[in-house]
Amino acid sequence: MRGYINQYHKEQTIALLIIDMINDLEFENGKKLYKPMREAASQIATLKAYAKSYYIPVIYVNDNYGYWQSDFRQIVDHCLYEEVRGQEIAHMLKPLEEDYFVLKPQFSGFFYTPLDLLLRYLNVRTLILTGASGNMCVHFTANDAYMRGYKVIVPRDCTASVDEKENKKALYMMENVLRINTAPVADLSIRNLITEAQAYYEET
C-alpha cells in the first residue's frame, strides 16, 4: 500500500480502483489486448480526473506478474521508461504520489492482499472498479467485493478484455447477478455516487 490519508479522503466512503492497467503487455495476447485497453484507459483517465476533483482516493490494484521481489514502483518504471507495448497506457494512467497501490498474486484484488484492510482504514464501502481484464480480474474482484458487502460500480467503457464478447458477457453477469451499476462514464454523476456511497456507508 502507498499514499497518504488526508482530511478529504476521510470524508469519502467511495474509492476508484484501477486494476492491472499498469502493464507492459509483453505476453501472448498482449497485442490483442492493447487496443481495448487503450480505449478503456482514455475513459479511466477521465474518470480519475473527476475522482481527484472530489478527493476520492485512487487505488491501483496490480498483478505482481510472478515477480515476488518487485514492488509497484519498479513495475511502474518498467512500463513507463522501457520500450514495452503498454508504455503509452502507463503514461495515460501514471500514478500520482498520493495514490495507493496493492499488489496481487492472482485475479481478485482481495485474494491474499491487504485491499480489504486498506478500504476499511479509509472508511470506504463503495467501489468503482475499472481495468483489465474485464472478464477475469475485474470480474473476480467484483465477485469478492460483493461477497464482502461492498457496493460496486463497474463503468462498462472502463473495462477491457482480449475478447469483446467475453467482456460484454462479464458485464452482463455483474449487472444481472451482482446487481452492479455498469453505466458508462458519461452517464455517471460523481456527486450522485458520493451521495449514494455515504448513504450506503451509514446503512451498513
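In this predicted model, Phe72 and Phe101 are both buried. Five aromatic pairs are counted in the structure, and these two residues form one of them: their ring centres lie 4.8 Å apart and their planes meet at 25°, so the pair is stacked. Planes under 30 degrees apart count as stacked. Phe72 belongs to helix H3 and Phe101 to strand E3 (residues 100–104), so the contact between the rings ties together parts that are 29 residues apart in sequence. Tyr60 is linked to Phe72 and Phe101 through ring pairs, and the three residues make up a cluster.

A pair with another geometry is that of Phe107 and Phe140, whose ring centres are 5.1 Å apart and whose planes stand at 55°, so the pair is tilted. Phe107 sits in the loop between E3 and helix H5 (115–121), while Phe140 is in helix H6 (residues 134–147), so this pair joins parts 33 residues apart in sequence. Phe107 is partly exposed, with a relative accessible area of 31%. Phe140 is also classed as partly exposed, at 39% relative accessibility.

The discussion now turns to the nonpolar interior. In soluble globular proteins, nonpolar side chains tend to be buried together. In this model the largest nonpolar core comprises 37 residues, and Ile18, Met21, Ile22, Met37, Tyr60 and Leu93 have the most contacts inside it. Two or more residues of this core come from each of strand E1 (14–19), H2, strand E2 (58–63), helix H3 (72–81), helix H4 (87–92), strand E4 (126–132) and helix H8 (190–203). Helix H2 makes the greatest contribution to the core, with seven residues. Separate from this core is another of 27 residues, including Tyr100, Leu129, Tyr150 and Met174.

Ile18 may serve as an example of the surroundings of a core residue. With neighbours within four places in sequence set aside, Ile18 is in contact with Ile44, Lys48, Val58, Ile59, Tyr60, Val61, Leu93 and Thr130.

There remains the second largest pocket, which has a volume of about 290 Å³. Its lining consists of 14 residues, with Pro36, Glu39, Thr159, Glu164 and Asn167 lying nearest the centre. At least two lining residues are supplied by each of helix H2 (30–53), strand E6 (159–160) and helix H7 (164–176). The largest share, four residues, is provided by H7. Classified by residue type, the lining contains six charged, five nonpolar and three polar residues. Helix H2 therefore appears in two settings, as a contributor to the largest nonpolar core and to the lining of this pocket.

Notes:
Residues numbered from 1 in each chain as written. Predicted model: local features only at pLDDT ≥ 70, side-chain atom pairs only at ≥ 80, totals over all residues. Heavy atoms only, no water. 1 Å grid on protein atoms, 1.4 Å probe; cavity = no way out; pocket = protein on both sides within 12 Å on 5 of 7 lines; lining within 4 Å. Points joined across faces, edges and corners; volume = space filled by probe spheres on them. Nonpolar A, V, L, I, M, F, W, Y, C, P; charged D, E, K, R; others polar. Core = buried A, V, L, I, M, F, W, Y, C linked by side-chain atoms within 4.5 Å. Buried < 20%, exposed > 50% of the residue type's maximum accessible area, 1.4 Å probe, protein only. Contact = heavy atoms within 4.5 Å. Phe/Tyr/Trp six-rings, centres within 6.5 Å; stacked < 30°, edge-to-face > 60°.
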